[in-house]
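I opened this notebook to record what I looked up in one structure. The entries follow the order in which I consulted it.

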Amino acid sequence: MAEGLKCPKCGLDIETTEAGLISVCPNPQCRADLTSLMMQAQTGAKKRDYTIARDDSVTTHEFIVRTKGLVKAYKMGEVIVQALRGVQLDIRRAEYLSIMGPSGSGKSTLFNMIGGLDKPSEGTVFIDEVDMAQLDAYELAWLRCRKIGYIFQTFNLIPVMTALENVTLPMIFAGMTTDEMMDRGKELLEMVGLGDRLHHKPLELSGGQQQRVAVARSLANAPAIVLADEPTGNLDLRTGREIIDLLQNLNRDSGVTIISATHDLKMIEASDRIVHIRDGQIERIELRSEIEIDIGTIGGKAEI
Ligand code: ADP
Ligand code: MG
């Protein structure tokens, strides 16, 4: 969770779990328009142009994400849960990477660290060679809004908003005009096959359709990275397959880096590399070409 974002009017600490999804101050006595706050954040971040805290050991940005010695410990009363125990991972630009591991192995924790949704206890996450820990709250909000798109297992759409409103919401924070937002929102929903569902609310859509809206929303501000945490976890085989196809096309056609936490074997087919994690550590990394599994069989199963 980003720390230090305060409402400019009443000073309330604002917690943001997803970039750009808060538009008014949650304080009922205040309700200040936070869009302007986010705009300032955007301008401020642009000015600094991410020249801070670069790691000079790397001259080209071959890796869009790098983690160094990532440790996350959750304190639960007297008990300390070690969710990550030193994760070292370099992710190439335009790579499709799947993070696989059993439930509780630390996938979501790693996802949250890479996405700047939570902070590591130790270690560093570099996005485009910028140390995320060095960013202030505004810069972090800017990065989350503009560089990263998020997709969650449970879709996380805003129920009172239509598909189009959900998709265009993050664009408000990027300073687009209403016309631009509507055009782009429609284009994205058409791309995910929902051109005829623009004005449906999430509950009027199937699970697969909701996740397609979430895919479209993740692309609102043309991010370089899409982070997907078990995006097919709540979907049946066929619908899950459709979401994977969308992510794969995005990766192939637009060079978007896809980082997906999953335990869905169908994902293997789409991935360039599979990082297996267990008990908060990388167990092994496989290249797709090395995987012995019969991918044809998996593809076949998806059609049942
Ligand atoms: P996965 O996504 O692979 O299922 P998680 O990253 O969610 O795994 O969880 C890794 C470990 O950290 C688990 O043991 C889980 O119980 C613990 N954990 C995750 N989030 C929290 C939290 N907010 N507070 C305490 N423990 C947590
Ligand atoms: Mg998880």
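The entries below go from the overall fold to the ligand shell, then to helix packing and single residues.

**Entry 1. Overall composition**

I note at the outset that the model is predicted. I looked up the secondary structure and found nine helices and ten strands in the protein. I then looked up burial: of the 304 residues, 44% are buried. For the contacts with a separation of 6 or more, I recorded that 69% are between residues 24 or more positions apart.

**Entry 2. The shell around ligand 1**

Which residues surround ligand 1? I listed Tyr-74, Met-76, Val-81, Ala-83, Gly-101, Ser-103, Gly-104, Ser-105, Gly-106, Lys-107, Ser-108 and Thr-109. By class, I have four nonpolar, seven polar and one charged residue in this shell.

I next asked which elements supply the shell. At least two residues come from each of β1 (63-76), β2 (79-92) and α2 (107-114). Helix α2 has the largest share, with three residues.

**Entry 3. Helix α2 and what comes after**

Since α2 contributes to the shell of ligand 1, I looked up its burial. Seven of the eight residues of α2 are buried, so I entered the helix as largely enclosed by the rest of the structure. The buried residues are Lys-107, Thr-109, Leu-110, Phe-111, Asn-112, Met-113 and Ile-114. Lys-107 and Thr-109 are thus entered twice, as buried residues and as part of the ligand shell. Gly-116 follows α2 and has a positive phi, near 70 degrees.

**Entry 4. Helix α3**

How many of the ten residues of α3 are buried? I found nine, and I recorded this helix (residues 137-146) as mostly covered. The buried residues are Tyr-138, Glu-139, Leu-140, Ala-141, Trp-142, Leu-143, Arg-144, Cys-145 and Arg-146.

**Entry 5. Helix α4 against α5**

I turned to helix pairs. Helix α4 (residues 163-172) and helix α5 (residues 178-191) pack with their axes 9 Å apart, at an angle of about 120 degrees. I therefore classed α4 as oblique to α5. Their crossing is right-handed. On the α4 side I listed Ala-163, Leu-164, Val-167, Thr-168 and Met-171; on the α5 side, Met-181, Met-182, Arg-184, Gly-185, Lys-186, Leu-188 and Leu-189. This contact of α4 with α5 has eight nonpolar, two polar and two charged residues.

**Entry 6. Helix α4 against α6**

I looked up α4 with α6 next. The axes lie 8 Å apart and the angle is about 25 degrees. The two helices are therefore roughly parallel to each other. The crossing of α4 and α6 is right-handed. Helix α4 makes the contact through Ala-163, Asn-166, Val-167 and Pro-170, and α6 through Val-213, Ala-216 and Arg-217. By class there are five nonpolar residues, one polar and one charged in the contact of α4 with α6. I noted that Ala-163 and Val-167 appear here and also in the contact of α4 with α5.

**Entry 7. Helix α6 against α7**

Helix α6 (residues 207-218) and helix α7 (residues 237-254) pack at an angle of about 15 degrees, and their axes are 9 Å apart. I therefore entered α6 as roughly parallel to α7. Helix α6 passes α7 in a right-handed crossing. The residues in contact are Gly-207, Gly-208, Gln-211, Arg-212 and Val-215 of α6 with Thr-239, Glu-242, Ile-243 and Leu-246 of α7. I counted three nonpolar, four polar and two charged residues in the contact of α6 with α7.

**Entry 8. Glu-190**

I located Glu-190 in helix α5. Is Glu-190 buried or partly exposed? I entered Glu-190 as partly exposed because 13 other C-beta atoms lie within 10 Å. Glu-190 and Ala-216 are 26 residues apart in sequence, and their C-alpha atoms are 9.0 Å apart in space.

**Entry 9. Positive phi outside glycine**

I looked up Ala-94, whose phi is positive, near 65 degrees, although the residue is not glycine. Ala-94 lies in the loop between β2 and β3 (96-100). With 15 C-beta neighbours inside 10 Å, Ala-94 counts as partly exposed.

I also looked up Asn-156, a residue other than glycine with a positive phi near 50 degrees. Asn-156 is in the loop between β6 (148-151) and α4. Asn-156 has 17 C-beta neighbours inside 10 Å and so counts as partly exposed.

Note on methods
Residues are numbered from 1 along each chain as its sequence is written. Chains are lettered from A and ligands numbered from 1 in the order in which they are written. This is a predicted model: local features need pLDDT of at least 70, side-chain atom pairs count only at pLDDT 80 or more; totals for chains, interfaces and linings use all residues. A residue is near a molecule or strand if its C-beta atom, placed from the backbone, lies within 6 Å of it. Helices (H or I, at least four residues) and strands (E, at least two) are DSSP runs, numbered from the N terminus. Ala, Val, Leu, Ile, Met, Phe, Trp, Tyr, Cys and Pro count as nonpolar, Asp, Glu, Lys and Arg as charged, and the others, Gly among them, as polar. A residue is buried if 20 or more other C-beta atoms lie within 10 Å of its own, exposed if 12 or fewer, and partly exposed in between; C-beta atoms are placed from the backbone. Two residues are in contact if their C-beta atoms, placed from the backbone, lie within 7 Å. Axes are lines fitted to C-alpha atoms, for helices over the stretch in contact, and angles run from 0 to 180 degrees between N-to-C directions. Angles under 35 degrees count as roughly parallel, over 145 as roughly antiparallel, 65 to 115 as roughly perpendicular and the rest as oblique. A crossing is left-handed if the near helix is turned anticlockwise from the far one by less than a right angle, and right-handed if clockwise.
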